[in-house]
Amino acid sequence: MNKILLIGNQGQLGNELANILTANNLNFLGINQSDLDLTQSELIAPFIQNYQPNLIINCSAYTAVDKAENEPEIAHKVNSIAPQIFAQTAEKMGAKLIHISTDYVFDGTKNTPYLETDQTNPLGIYGQTKLAGETAVITNCSNYLILRTAWVYGVYGTGNFVKTMLRLGQEREQLKVVMDQIGSPTWTKDLATTIYQLIPQLTPEISGIYHYTNSGVCSWYDFAVTIFEEAKKLGFPLKIEQIIPITTEEYPTPAKRPAYSVLLCKKILHLLGNVPPYWRDSLQLMLKEYLKERL
């Protein structure tokens, strides 16, 4: 019987996963920043040892990509040092570890989907600290699974692209959206379901890095257009009338983003036997779930 420690249970992914674990009657403790401050590194191992889980799932991260450029120490503590302590503590206790990572470990110069074995080369502090976290897990734990994902959005949490577009679409008649960054939008419910399906599979033999996103690719511009199309079908009140495609150069940000960060998911498909849902289908389901309580 698994005794699970779910770190980051109130984030957009962690909240979704907590719902699934609860619905399936799994024994878990969900914690957030108020329960355990991951910037206070000395507190992490004693907290874990006190609970004695046999599985740690880390859904927490410092994800403010631009802000990380000015707060590298905090990003490093949360994204690099904390996973290292999770891994070391799990190893000492004989526990398993699932750790969530990101497409931002790549530089986006490739023009075909990234394999788990492709060369990493993060462009900014966020990606650098997440890559360091991956390395720490691999180095310190023998029974682990690192799950890289991308362009994550969901009903819970704040600041994801879908919710931001819906908010701006209510406020403005015109928006400019980047059209030369390509990726795969990923719904948290699909990602959380995949994590749940991985739990009984965990053994040292399958330890490694895996990619998971929804199927299909698009640009941020394509994503925005589809969000508004689907939201209008559901009767969501929007002022937006025009979406203008722009280049990355026309929308400078403190942190550089990978221009192409599509992840190849064949490895996890072979493990679980499930083809990830198409991104547009998942977006429709998420919007129905999100908007039905707001209309």
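Two strands count as paired here if DSSP finds at least two bridges between them. Keep that in mind for the sheet. One caveat before we start: this is a predicted model.

So, the sheet. Six strands form an open sheet, and the pairing is parallel. The order is β2-β1-β3-β4-β5-β10. Which strands sit at the edges? They are β2, residues 27-31, and β10, residues 208-211. Each of these two pairs on one side only. What about twist? On average, neighbouring strands of the sheet are turned by 20 degrees against each other, direction ignored.

Now helix α1, residues 12-23. Helix α1 packs on this sheet. The strands α1 touches are β1 (3-7), β2, β3 and β4. Its direction makes about 160 degrees with that of β1.

Let me take two strand pairs from the sheet. First pair: β1 and β2. Five bridges link them, in the parallel sense. For a landmark, look at L6: its bridge partner in β2 is G30. Add the helix, and β1, α1 and β2 make a β-α-β unit, which is right-handed.

Second pair: β3 and β4. Strand β3 covers residues 55-58, and β4 covers 96-102. They run parallel and are joined by four bridges. Here the landmark is N58, which stands opposite H99 in β4.

On to helix packing. Three pairs.

Start with α1 again, this time against α6, residues 188-198. The axes are 9 Å apart, and the packing angle is about 55 degrees. That angle makes α1 oblique to α6, because the oblique class takes what is left once angles under 35, over 145 and from 65 to 115 degrees are assigned elsewhere. The crossing of α1 past α6 is right-handed. Who makes the contact? From α1, we have Q12, L13, E16, L17, I20 and L21. From α6, we have T188, K189, L191, A192, T193, I195 and Y196. By class, the contact holds eight nonpolar, three polar and two charged residues.

Next, α2 and α3. Helix α2 spans residues 44-51, and α3 spans 72-93. Their axes come within 9 Å and cross at roughly 35 degrees. Again, α2 passes α3 in a right-handed crossing. On the α2 side, the contact uses I44, A45, I48 and Q49. On the α3 side, A82, I85, F86, T89 and M93 take part. How many of the contact residues are charged? None: the split is seven nonpolar, two polar and no charged.

Last pair: α5, residues 161-171, with α7, residues 220-233. The angle is about 65 degrees, and the axes lie 10 Å apart. This crossing is right-handed too. Helix α5 brings F161, V162, M165, L166 and G169. Helix α7 brings W220, F223, A224, I227, F228 and A231. The class count for this contact is 10 nonpolar, one polar and no charged residues.

To wrap up, two points to take back to the viewer. Helix α1 has a part in both halves of this talk: it packs on the sheet, and it packs with α6. And charged residues appear in the contact of α1 with α6, whereas the contact of α2 with α3 has none, nor does that of α5 with α7.

Notes
Residues numbered from 1 in each chain as written. Predicted model: local features only at pLDDT ≥ 70, side-chain atom pairs only at ≥ 80, totals over all residues. Heavy atoms only, no water. Axes fitted to C-alpha atoms, helices over the stretch in contact; angles between N-to-C directions. Contact = heavy atoms within 4.5 Å. Left-handed = near helix turned anticlockwise from the far one by under 90°. Nonpolar A, V, L, I, M, F, W, Y, C, P; charged D, E, K, R; others polar. Right-handed = clockwise from strand over helix to strand, strands pointing away.
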